[in-house]
Amino acid sequence: TPAVTEPAPVTTPSPIDLLPPYSIGGSVMRGAAPQLTAAGIQVNAAVSRQGKNVAEIVELTRAGGQLGRVVIIQTGTNGSVSDETFARIMAALPPDLTPLVVFLTVKAPRGWIADNNTRIRALAAQYPNVKVVDWEAEAQQILGELSTSDGGIHLRTAYAKQFYANLIFDAIGRPDLKK
């Protein structure tokens, strides 16, 4: 008798699986928005964005069904970000819905940067779905490509913008997007 084979199960991706990576940040991220967007990453970045604003955006975009499996966040350049604000952000990004949350440290000649970076670096130990990209350290490689009028906060050249974007592409496991 001929063997009966079962048809292969049809797997339909959930709507969340179809959403592109989503990035939220301030003016530094905004500087690399063309490079990130060209690679298919949604960018929500604005000048002078504060940590509480980032938490609100995460909550609203999650509630609106706009966040997929990968979220990239850079916050803390424009002011202190509390542990409570980071906890609020992460409450909206649980591992079952967002298995990869990439936080970038911040770089600026401001008094709150060290404390913010300490909090950001600690996130990976607190949350299993967090990966930290040390922008503060990596930016040392391209200081001449950063703005000079503000102490090297912003991405001044096309090279700096691509360098920043490439760090994100590596962090989300997509080095194929690098240019």
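## Two nonpolar cores and helix 5

The largest nonpolar core has 31 residues, and those touching the most other members are L36, I72, V102, L104, W135, L155 and Y164. At least two residues of this core come from each of helix 1 (27-31), strand 3 (70-74), strand 4 and helix 7 (158-171). Helix 7 is the top contributor, giving eight residues to this core. Please keep in mind that this is a predicted model.

**Around the cores**

- Setting aside neighbours within four places in sequence, L36 makes contact with S23, M29, I41, V43, A165, I168 and F169.
- There is also a second, separate core of 20 residues, with L67, A92, V101 and I120 among its members.
- As general background, nonpolar side chains tend to be buried together in soluble globular proteins.

**Helix 5: span and faces**

- Helix 5 covers residues 113-126, 14 residues in total, and its first and last C-alpha atoms are 20 Å apart, close to the 20 Å expected at 1.5 Å a residue.
- Its buried residues are I113, N116, N117, I120 and L123.
- Viewed down the axis of helix 5, these buried residues fall within an arc of 100°, so they line one face of the helix.
- On the face turned away from that buried side, helix 5 carries the exposed residues T118 and A125.

**What covers helix 5**

- The cover over the buried residues of helix 5 includes two helices, helix 4 (83-91) and helix 6 (135-138).
- Strand 4 (100-104) and strand 5 (130-133) are also part of that cover.
- Strand 4 therefore appears in two places here, since it also supplies at least two residues of the largest core.

Definitions and conventions:
Residues numbered from 1 in each chain as written. Predicted model: local features only at pLDDT ≥ 70, side-chain atom pairs only at ≥ 80, totals over all residues. Heavy atoms only, no water. Helix = DSSP H or I, 4+ residues; strand = E, 2+ residues; numbered from the N terminus. Expected span 1.5 Å × (residues − 1). Buried < 20%, exposed > 50% of the residue type's maximum accessible area, 1.4 Å probe, protein only. Arc of directions from axis to C-beta. Contact = heavy atoms within 4.5 Å. Core = buried A, V, L, I, M, F, W, Y, C linked by side-chain atoms within 4.5 Å.
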